[in-house]
Structure formats: C-alpha cells, structure tokens
Amino acid sequence: EKITRALSLSVAMIMYGQEEAADALVEQLCRDKDPLLRYGGMYTIGMAYAGTANNSAIRRLLHVAVSDVNNDVRRAAVTSLGFLIINVPERLPELIALLSESYNPHVRYGACMALAIGCSHM
C-alpha cells in the first residue's frame, strides 16, 4: 500500500504543468478500481493544472469530492483544488465554502488544506 501510494504521488509530480498532455493518464487513474490509484489521479489533476484555475479540472475535482466512495480520494480531490486556484486565491473561499461544512471530516480536512495551499502564494 505504501509503495502504491508513493508511486501514484510520484506520477502526479511528474505531470506537473502538463495540462492536456496528462489527460489520458488522469482518465486511466481516475477510472481504476483501486482507491490508491484514484487518489493519485486527483493529485495528478492538481499538479497538471496547477495555477491555471481550469474550469473542467475544477468541475471534475468537485464531482469526485462529493461522489467517490473512498474518503482518501475525496480528501485528495478537495486538497487538489488548492493547487488549481493558487494564482487566484480570492476564488478559493467561495469554491470550498460548502465543502468546509461537509458532514465528512475528510472533506473538511481537505478544504482546510486547499485553503492553506491556495493562500500560500499570497
């Protein structure tokens, strides 16, 4: 488990700034049955589109944040929103406001991390 998690995060870091070039890999990771690979897929979206505030990437992360069955995947999706919005931190509070009130503590934790990451550039 530790090796799979580390490799999925490594793939995410390799895809930093790749945007559309990472889409095929993101699709493959996000459709996998293994939650550790879906977890890596969320961070891959965050890294590939870091700082771009890409609407389709935001929409995808928000969808996973409220629909995935695994709490780690949901937390990674919300946390990755911070990487996407890092260059426009004024958008972040309105984006994660509802997520920060979630019944799920993993989603709330991800919202705190997203806020910290998104505002770290200020």
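Trainee: With which residues is M42 in contact, leaving aside its neighbours within four places in sequence?

Mentor: In this predicted model, M42 is in contact with C30, L61, V64, V73, A76, A77 and S80, once those neighbours are set aside.

Trainee: Which residues touch the most other members of the largest nonpolar core?

Mentor: In soluble globular proteins, nonpolar side chains tend to be buried together. Here the largest nonpolar core has 31 residues, and M42, I45, L61, L81, L84, I85 and L99 touch the most other members. Two or more residues of this core come from each of α2 (23-30), α3 (35-48), α4 (55-67), α5 (71-84), α6 (92-96) and α7 (105-119).

Trainee: How should one read α2, and which of its residues are buried?

Mentor: The buried residues of α2 are V26, L29 and C30. They lie on the same side of α2, because they cover an arc of only 90 degrees around the axis. On the other side of α2, A24 and Q28 are exposed. The cover over the buried residues of α2 includes α1 (2-14), α3 and α4.

Trainee: C30 is a cysteine; is C30 buried or exposed?

Mentor: C30 has a relative accessible area of 15% and is therefore buried. By contrast, C119 counts as partly exposed, at 28% relative accessibility.

Trainee: How many disulfides are there?

Mentor: A disulfide is a covalent bond between the sulfur atoms of two cysteines. The count in this model comes to 0 disulfides.

Trainee: Why does C119 form no such bond?

Mentor: The closest cysteine sulfur to that of C119 is in C112, and because the separation is 12 Å, it is too far for a bond. The cut-off applied is within 2.5 Å.

Notes. Residues are numbered from 1 along each chain as its sequence is written. This is a predicted model: local features need pLDDT of at least 70, side-chain atom pairs count only at pLDDT 80 or more; totals for chains, interfaces and linings use all residues. Side-chain values use heavy atoms; hydrogens and water are left out. A nonpolar core is a set of buried Ala, Val, Leu, Ile, Met, Phe, Trp, Tyr and Cys residues joined through side-chain atoms within 4.5 Å. Buried means under 20% relative accessible area, exposed over 50%, partly exposed in between (1.4 Å probe, protein chains only). Helices (H or I, at least four residues) and strands (E, at least two) are DSSP runs, numbered from the N terminus. Contact means heavy atoms within 4.5 Å. The arc is that of the directions from the helix axis to the C-beta atoms.
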